[in-house]
Amino acid sequence: MQHHACADNTMMPKRYWLMKCEPSAYTIGDLARDGETCWEGVRNFQARNFMRDEMQIDDDVLFYASNADPSGVSGLARIARTGYPDHFAWKTGHKYYDARSTKAAPVWFMVDLAFVERFPDTVPLATLKTTRGLDQMKVAQKGSRLSVQPVTKSEYQKVVRLGRKMKPVSG
């Protein structure tokens, strides 16, 4: 098992995440092109807490295309920078501006993601819901809208196997 050193030198086990993004905003292809990006604009406290408090460098990420056709996991990323204040919250007029968040007392946080791999095609949500061992994933639960959510190592590994077995999109 891989571990991360903490500030107090204790080791934290590697974690696994699913992070959602709408293709109209950003895709796994965009991340492949950019290599790395900041994951700004999360405005849910539970998702923010995961990014601010729990994500560690080199944690593995399932990149999930939401509101897509089909919605599902389109590739892999990793955490490249741990949580830091989302500076877009301070920019008046920006779509992610939030008057409650200041440099002195930031409310919102983001992480940086690095590209790892693009699957030949998306592993659809319907497949996640019907694959043994994945039916308990938060993303497979009815009404689950959280954009950043933990997954187990087993779930991560199963989705990676499914993704690598997908046939390339024809076209």
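Does N67 count as buried or exposed, and at what relative accessibility? N67 counts as exposed, at 61% relative accessibility. The close-ups below come from a predicted model, and that residue turns up again in the last view.

**View A. Helix α4 has a buried side and an exposed one**. Helix α4 runs over residues 153-165, so to speak a stretch of 13 residues. From its first C-alpha to its last it reaches 19 Å, close to the 18 Å expected at 1.5 Å a residue. Its buried residues are E155, Y156, V159, V160, L162 and G163. Why do these sit on the same side of α4? Because they cover an arc of only 165 degrees around the axis. An α-helix has 3.6 residues a turn, so residues three or four places apart point the same way. Look to the other side of α4 and you'll find R164 and K165, which are exposed.

**View B. The buried residues of α4 pack against several elements**. Their partners include the strands β3 (16-21), β5 (60-65) and β6 (72-85). β7 (109-124), α3 (125-130) and β8 (148-151) are packed against as well.

**View C. The largest nonpolar core has 20 residues**. Those with the most contacts inside this core are M19, W39, M51, M55, F63, L113 and V148. Two or more residues each come from β3, α1 (28-34), α2 (45-54), β5, β6 and β7. Apart from this core lies another one, of 18 residues, with L18, V73, L134 and V159 among them.

**View D. A close look at F63 and what it touches**. Leaving out residues up to four places away in sequence, F63 touches a good list of others, including M19, C21, Y26, T27, I28, L31 and W39. Also touched by F63 are G72, V73, S74, G75 and L113.

**View E. C21 and C38 do not form a disulfide**. How many disulfides does a search of the whole structure find? The search finds 0. A disulfide is a covalent bond between the sulfur atoms of two cysteines. Here the sulfur of C21 is 11 Å from its closest cysteine sulfur, the one in C38, and that is too far for a bond. C21 counts as buried, at 12% relative accessibility.

**View F. β7 pairs with both β4 and β6**. Strand β4 (residues 36-38) pairs with β7 in the antiparallel sense over 3 bridges, and T37 stands opposite L113 in β7. β6 and β7 also pair in the antiparallel sense, here over 10 bridges. In this pairing, G75 stands opposite R118 in β7.

**View G. Q136 sits in the loop between α3 and β8**. Q136 is exposed, with a relative accessible area of 58%. Setting aside neighbours within four places in sequence, Q136 is in contact with Q141 and E155. Q136 and V151 are 15 residues apart in sequence, and 9.5 Å apart in space, C-alpha to C-alpha.

**View H. Some backbone oddities in the loops**. Most residues other than glycine have a negative phi, and most peptide bonds are trans. In the loop between β5 and β6 lie P70 and N67. The peptide bond from D69 to P70 is cis, with omega near 0 degrees. N67 is not a glycine, yet it has a positive phi of about 50 degrees. D58, in the loop between α2 and β5, has a positive phi too, near 75 degrees. D58 is partly exposed, with a relative accessible area of 35%.

Definitions and conventions:
Residues are numbered from 1 along each chain as its sequence is written. This is a predicted model: local features need pLDDT of at least 70, side-chain atom pairs count only at pLDDT 80 or more; totals for chains, interfaces and linings use all residues. Side-chain values use heavy atoms; hydrogens and water are left out. Helices (H or I, at least four residues) and strands (E, at least two) are DSSP runs, numbered from the N terminus. The expected span of a helix is 1.5 Å times one less than its number of residues. Buried means under 20% relative accessible area, exposed over 50%, partly exposed in between (1.4 Å probe, protein chains only). The arc is that of the directions from the helix axis to the C-beta atoms. Contact means heavy atoms within 4.5 Å. A nonpolar core is a set of buried Ala, Val, Leu, Ile, Met, Phe, Trp, Tyr and Cys residues joined through side-chain atoms within 4.5 Å. A disulfide is a pair of cysteine sulfur atoms within 2.5 Å. Two strands pair if DSSP finds at least two bridges between them.
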